[in-house]
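Thanks for sending this one over. Here are my notes, roughly from the whole chain down to single residues.

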Amino acid sequence: MDSWDLRALDLEPHQPKVLRTDGEARLVAINLPAGQSLDDHQVHERAYAVILDGEVQIGPVGNTEQAGPGFLAHFDPKERHEVRATSDARLLLFLAPWPGDGHPSQR
């Protein structure tokens, strides 16, 4: 078994920490300081974002909603989305399957 205390992880701002990668998924913890963002982007996998601490604006580009601890968002592969921290925030991202179809590592 692998386990993590997600709220106690030493996460540097702008330094995502990959917690686990295997053929099924990649788990990534992110520290996003207030006012910072993961601007308009997409990934090749299904993306699940769990807000652990703080407040963020999250959602499809141009259609975000306010979210706090316990909020879970799902994005389809290649769905454009954005995340903006309105206070210091921690997020856990699940990307699955890993890597997704078309991921640069598959070339």
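**Notes on the model**

1. Before anything else: in the segment after β9 (89-96) you'll find Pro 97, and do keep in mind that this is a predicted model. The peptide bond leading from Ala 96 into Pro 97 is cis, with omega near -10 degrees. Pro 99 also sits in the segment after β9, and the bond from Trp 98 to Pro 99 is cis too, with omega near -15 degrees. I'd have a look at both, because most peptide bonds are trans.

2. Now the overall make-up. The protein chain has nine strands and zero helices, so the order from the N terminus is simply β-β-β-β-β-β-β-β-β. Take the contacts between residues at least 6 apart in sequence: 63% of these join residues at least 24 apart.

3. On size, the C-alpha trace spans about 35 × 35 × 20 Å along its principal axes. For 107 residues, a compact globule would have a radius of gyration near 13 Å, and the chain agrees because its own value is 13 Å.

4. What about the surface and the charges? The accessible surface of the protein chain is about 6,200 Å², with 49% of that belonging to carbon and sulfur atoms. Buried residues account for 37% of the 107 residues. Counting side chains, there are 10 positive and 17 negative ones, and the centres of the two sets lie 4 Å apart.

5. Asn 31 deserves a closer look. This residue is part of strand β2 (residues 26-32). Is Asn 31 buried or exposed? Its relative accessible area is 16%, and the cut-off for buried is under 20%, so Asn 31 counts as buried. The side chain of Asn 31 reaches the backbone oxygen of Leu 11 at 2.9 Å. Leaving out neighbours within four places in sequence, Asn 31 is in contact with Leu 11, Glu 12, Pro 13, His 14 and Ala 89.

6. One of those partners of Asn 31, His 14, has a backbone angle to check. His 14 lies in the segment before β1 (17-21). Its phi is near 65 degrees, a positive value in a residue other than glycine. Such a value catches the eye because most residues other than glycine have a negative phi.

7. Lys 78 is another case of this kind: not a glycine, yet with a positive phi of about 70 degrees. You'll find Lys 78 in the loop between β7 (72-75) and β8 (81-85). How accessible is Lys 78? The figure is 42%, and partly exposed runs from 20% to 50%, so Lys 78 counts as partly exposed.

8. Last stop, Gly 68, in the loop between β6 (65-67) and β7. Although Gly 68 is in a loop, its relative accessible area is 14%, so Gly 68 is buried under the 20% cut-off. Which residues does Gly 68 touch, not counting those up to four places away in sequence? They are Ile 51, Gly 54 and Glu 55. As for Ile 58, 10 residues away along the chain, its C-alpha atom is separated from that of Gly 68 by 9.9 Å.

Technical notes: Residues are numbered from 1 along each chain as its sequence is written. This is a predicted model: local features need pLDDT of at least 70, side-chain atom pairs count only at pLDDT 80 or more; totals for chains, interfaces and linings use all residues. Side-chain values use heavy atoms; hydrogens and water are left out. Helices (H or I, at least four residues) and strands (E, at least two) are DSSP runs, numbered from the N terminus. Buried means under 20% relative accessible area, exposed over 50%, partly exposed in between (1.4 Å probe, protein chains only). A polar contact is a pair of N or O atoms within 3.5 Å; within protein, one must be able to donate a hydrogen and the other to accept it, and residues adjacent in sequence count only if both atoms are side-chain atoms. Contact means heavy atoms within 4.5 Å. The radius of gyration is taken over C-alpha atoms; the globule rule is 2.2 Å times the number of residues to the power 0.38. Accessible areas come from the Shrake-Rupley method with a 1.4 Å probe; for residues, only the protein chains shown count as cover. Lys and Arg count as positive and Asp and Glu as negative; His and the chain ends are not counted. The place of a charge is taken as NZ of Lys, CZ of Arg, CG of Asp or CD of Glu.
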